[in-house]
Amino acid sequence: MRAARLIRMALLIQSSPGLTAAALARELEVSERTVIRDAQALQDAGIPVRSERGRVGGYFLAPGYRTRLTTLNPSEAETLFLSGLPSALRDLGLSAAADTARLKLTATLLPSLREAARSSERRFHLDAPAWFREPPTPDVLPELARAVWADRAVELSYARPGRDGATPAPASRVVEPYGLVLKAGTWYVVARVPGGPDLDGGWRTYRVDRVTALAPAPGRDETFVRDPAFDLAAHWEERSAAFARTLLRTTVRVRLTARGLGALPAVADGAALTDALASATAPDPAGLVTLDLPAESEDVAYDQLARLGADAEVLAPATLRARFRERAAALAALYGATEPDDQR
């Protein structure tokens, strides 16, 4: 891959004149001796690289010379749209292309504008995954990304989740992959099943980490024709909102103080919060508001409302109210009039 390294070196020198051999060696991950040899190779190829000694020395291009290596290829141009997501680029196998694309872009800027580009990198960074988890990168992700770029139908083999903790069942399906979505560190592929049922228009969403194998679709050598009206962001927003609502299987009637109502967004969000606030009554003479809070289960509702303490009173269902009564009794016994042994 020496040719790619020489191109990268020429772009580095053009975008950042005065880089030393040591600095170039770090950027290119080679030795300083290799940098010196590569500089000679660039000179032999007609690129006027020159080195200057001294405190402000380094590598430069001849005054007025600019390389013609700055034209972006399709892969590099596409990755610029993801350049704020380094982890996503790494997962998709596009880190090298993005690095080269940024170098080419920097090399086309006037010297007065280069610092602005570096300034934005120092000030803005998007870290997509959630805290306290290291989501694994699915092995098939780079190949699946190539199929998405190329509009190529594939056959997915995947582990279909079992119900109520049952063992996942293996399945396979030919799909047309329209797009990839990174949600809280987890990758999803949005695909259409060709000739599939009219239900949902044949659209399906699969977690990529559940895809066990990927192969070209049998008998589908040509690319599929994308629906020009398809909008990945709008599709994801609509389907994810609908999916979130399917998870809300329990409704809890709760009475809140003004402080509890103000703290509700800290314990519930999305569709649950929207529906709860829409159901809220006007404050009673004591300033209390009653509303119906959708939740995934009584266990989830218990964990959420317990964080509101005495600012939330569960009215129904009776089983959840009983759990809070037991909790209150246990806390009253624990925090009775007596002090703990080590405080006496």
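Here are some short exercises with worked solutions on the predicted model shown above.

**Exercise 1. Get an overview of the fold and its surface.**

Start with the secondary structure: the protein has 13 helices and 10 strands. Next, turn to burial, where 33% of the 344 residues are buried. Then look at contacts with a separation of 6 or more: 58% of them join residues 24 or more positions apart. Finally, the accessible surface comes to about 21100 Å², with 55% of it belonging to carbon and sulfur atoms.

**Exercise 2. Find backbone geometry that deserves a second look.**

Begin with what to expect: most peptide bonds are trans, and most residues other than glycine have a negative phi. Now check the bond from A316 to P317, which is cis with omega near 5°. P317 is in the loop between β10 (312-316) and α13 (318-334).

Move on to phi. E29 is not a glycine, yet its phi is positive, near 60°. E29 sits in the loop between α2 (21-28) and α3 (32-44). With 73% relative accessibility, E29 counts as exposed. D151 also has a positive phi, about 55°, without being a glycine, and its place is the loop between α8 (141-150) and β3 (154-160).

**Exercise 3. Classify the aromatic pair Y178 and W203, and place it in the chain.**

A pair of aromatic rings is described by the distance of the centres and the angle of the planes. The protein has seven aromatic pairs in total. For Y178 and W203, the centres are 4.8 Å apart and the planes meet at 85°, so this pair is edge-to-face. Y178 belongs to strand β4 (residues 169-183) and W203 to strand β6 (residues 203-207), so the pair ties together parts 25 residues apart in sequence. As for burial, Y178 is buried at 3% relative accessibility, and W203 is buried at 12%.

**Exercise 4. Do the same for Y302 and F324, then look around both pairs.**

Y302 and F324 have their centres 4.8 Å apart and 45° between their planes, a tilted pair. Y302 lies in helix α12 (residues 298-306) and F324 in helix α13, so 22 residues separate these distant parts of the chain. Y302 and F324 are both buried. Y302 has a charged neighbour too: the charged end of R323 sits over its ring, 4.2 Å from the centre. Going back to Y178 and W203, they form one aromatic cluster with F224 and F230.

**Exercise 5. Locate a nonpolar patch on the surface.**

L331, L334 and Y335 make a nonpolar surface patch of about 370 Å². One of them, L331, lies in helix α13. L331 is partly exposed, with a relative accessible area of 39%.

Note on methods:
Residues are numbered from 1 along each chain as its sequence is written. This is a predicted model: local features need pLDDT of at least 70, side-chain atom pairs count only at pLDDT 80 or more; totals for chains, interfaces and linings use all residues. Side-chain values use heavy atoms; hydrogens and water are left out. Helices (H or I, at least four residues) and strands (E, at least two) are DSSP runs, numbered from the N terminus. Buried means under 20% relative accessible area, exposed over 50%, partly exposed in between (1.4 Å probe, protein chains only). Contact means heavy atoms within 4.5 Å. Accessible areas come from the Shrake-Rupley method with a 1.4 Å probe; for residues, only the protein chains shown count as cover. Patches are made of residues with over 30% relative accessible area and no salt bridge: like charges are joined within 9 Å, nonpolar side chains (Val, Leu, Ile, Met, Phe, Trp, Tyr) within 5 Å. A salt bridge is a side-chain nitrogen of Lys or Arg within 4 Å of a carboxyl oxygen of Asp or Glu. Rings of Phe, Tyr and Trp (its six-membered ring) pair if their centres lie within 6.5 Å; planes under 30 degrees apart count as stacked, over 60 as edge-to-face and the rest as tilted. A charge sits over a ring if NZ of Lys or CZ of Arg is within 6 Å of the ring centre and within 35 degrees of the ring normal.
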